[in-house]
Amino acid sequence: MSRNSLSVYRQKISHQLTQLYSNMMPTPCLLCGASNAQSCLCHDCIKNLPRLGPSCPRCATPLTFSTICGQCLRNPPEQDATFSIFRYQSPIDRLITDLKYRDKLFLSRFFAQQMAEQANNRPLPQLLIPIPLHTKRLRHRGYNQAMELARYLSKQLPTPVRNDILIRTQDTLPQASLPFSERKKNIKRAFGVNNFNLPKHIALIDDVLTTGHTADVAAKALRQANVNTIELWTIARTIRHY
Ligand SMILES: [Zn+2]
Ligand SMILES: [Zn+2]
């Protein structure tokens, strides 16, 4: 079996396991072990997750009131808006690591549900585009967590998803492996856009917003393809730099 078909096979098995997992009731809560979990977490643990709260609509920096922050007034990011629902802190960091590196793909459905509930309060984009992984890394990991998230979001919202528009043109080093000072250089020119007939309003989907360099470069590529309104949707936003 070639590496490519092995990767597709692995993805299919993961999806079937996700389905199987969700059909088994009741499932213990991933965080406290309570047996009354409706999805992968129990009601109390979901209630206690660190929600982002009021934040800058442009970059999702937490604020006392939802208003454009000073940083965005001085030097706005490429995206027009950022929609993020959790603070990247315990236990969200652990859950996202489980989703990303430990094959717990069922978490993408949980996070998509959480995001879709809040997304319904805002004007919806016409298309969802996951931030792509480079082919080599996709083969190694077997799935792209941003694609899994986007796929479940598109099942909950009347918005389609496409993963063949934004492509990685360079196999950059994983951003998380680099100091913040080197991340901007690493990601520069990492994306290309395949289709120049795109809708006017698009949301980029990713798991975490950290320095924003990756989203910035991806959004620039879409902007060059004449997309008017570019949003960035992530499960969580890191807080410590602000
Ligand atoms: Zn619980
Ligand atoms: Zn801001």
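# Notebook: turns, helices and cysteines

**Entry 1: Asn226**

I started with Asn226, which counts as exposed because its relative accessibility is 54% and the cut-off for exposed is over 50%. A reminder to myself before going on: this is a predicted model. I looked up the backbone of Asn226 next and found a positive phi of about 70 degrees, although the residue is not a glycine. Asn226 sits in the loop that runs between helix 9 (213-224) and strand 6 (229-237). The positive phi of Asn226 comes just after helix 9, so I turned to that helix.

**Entry 2: helix 9**

I checked the length of helix 9 against what its residue count predicts. With twelve residues at 1.5 Å a residue, helix 9 should span 16 Å, and its end C-alpha atoms lie 17 Å apart, which agrees. I then asked myself how many of the twelve residues of helix 9 are buried. Nine of them are, and helix 9 is mostly covered. I noted the names too: His213, Thr214, Ala215, Asp216, Val217, Ala218, Ala219, Ala221 and Leu222 are the buried residues of helix 9.

**Entry 3: another positive phi**

Ala60 also caught my eye, with phi near 65 degrees, a positive value in a residue other than glycine. I located Ala60 in the loop between helix 2 (43-47) and helix 3 (70-74). Is Ala60 buried or exposed? Ala60 counts as buried, because its relative accessibility is 0% and buried means under 20%. Asn226, for the record, counts as exposed at 54%.

**Entry 4: a cis peptide**

I went through the peptide bonds and wrote down the one from Ser90 to Pro91, which is cis, with omega near 0 degrees. Where does Pro91 lie? I found Pro91 in the loop between strand 1 (81-87) and helix 4 (92-101).

**Entry 5: helix 4 and helix 5**

From that loop I moved on to helix 4 and how it meets helix 5. Their axes come within 8 Å and cross at roughly 130 degrees. Helix 4 and helix 5 are therefore oblique to each other. I noted the handedness as well: this crossing of helix 4 and helix 5 is left-handed.

Within helix 4 I picked out Leu99. Leu99 is buried, with a relative accessible area of 0%. I also looked up a long-range pair here: Leu99 and Asp207 are 108 residues apart along the chain, and their C-alpha atoms are separated by 9.3 Å.

**Entry 6: helix 5 and helix 7**

Helix 5 (residues 106-119) packs on helix 7 too, at an angle of about 50 degrees and with the axes 8 Å apart. How are helix 5 and helix 7 placed to each other, and why? They are oblique to each other, because 50 degrees falls outside the ranges for roughly parallel, perpendicular and antiparallel. The crossing of helix 5 and helix 7 is right-handed, whereas that of helix 4 and helix 5 is left-handed.

**Entry 7: helix 7 and what follows**

I gave helix 7 (residues 145-156) the length check as well. Its twelve residues should span 16 Å at 1.5 Å a residue, and the end C-alpha atoms are 17 Å apart, which agrees. At the N-terminal end of helix 7 I found Asn144 acting as a cap, with a side-chain oxygen 2.9 Å from the backbone nitrogen of Ala146. Ala146 is itself one of the buried residues of helix 7, which also include Gln145, Met147, Glu148, Leu149, Ala150, Tyr152 and Leu153.

Past the helix I stopped at Thr159, in the loop between helix 7 and strand 3 (166-168). Thr159 counts as buried, since its relative accessibility is 3%. The side chain of Thr159 reaches the backbone oxygen of Pro125 at 3.5 Å.

**Entry 8: cysteines**

How many disulfides does a search of the whole structure find? I got zero. Cys40 is in no disulfide, and the nearest cysteine sulfur to it, that of Cys29, is 7.9 Å away. That cannot count as a disulfide, because the sulfur atoms would have to be within 2.5 Å. Cys40 is buried, with a relative accessible area of 3%, and Cys56 is buried as well, at 0%.

**Entry 9: Leu17**

Last, I looked up Leu17 in helix 1 (residues 3-23). Leu17 counts as exposed, because its relative accessibility is 52%. Its C-alpha atom is separated by 8.9 Å from that of Leu105, which is 88 residues apart from Leu17 along the chain.

Technical notes. Residues numbered from 1 in each chain as written. Chains lettered and ligands numbered in written order. Predicted model: local features only at pLDDT ≥ 70, side-chain atom pairs only at ≥ 80, totals over all residues. Heavy atoms only, no water. Helix = DSSP H or I, 4+ residues; strand = E, 2+ residues; numbered from the N terminus. Expected span 1.5 Å × (residues − 1). Buried < 20%, exposed > 50% of the residue type's maximum accessible area, 1.4 Å probe, protein only. Polar contact = N/O pair within 3.5 Å; in protein donor to acceptor, adjacent residues only side chain to side chain. Axes fitted to C-alpha atoms, helices over the stretch in contact; angles between N-to-C directions. Parallel < 35°, antiparallel > 145°, perpendicular 65-115°, else oblique. Left-handed = near helix turned anticlockwise from the far one by under 90°.
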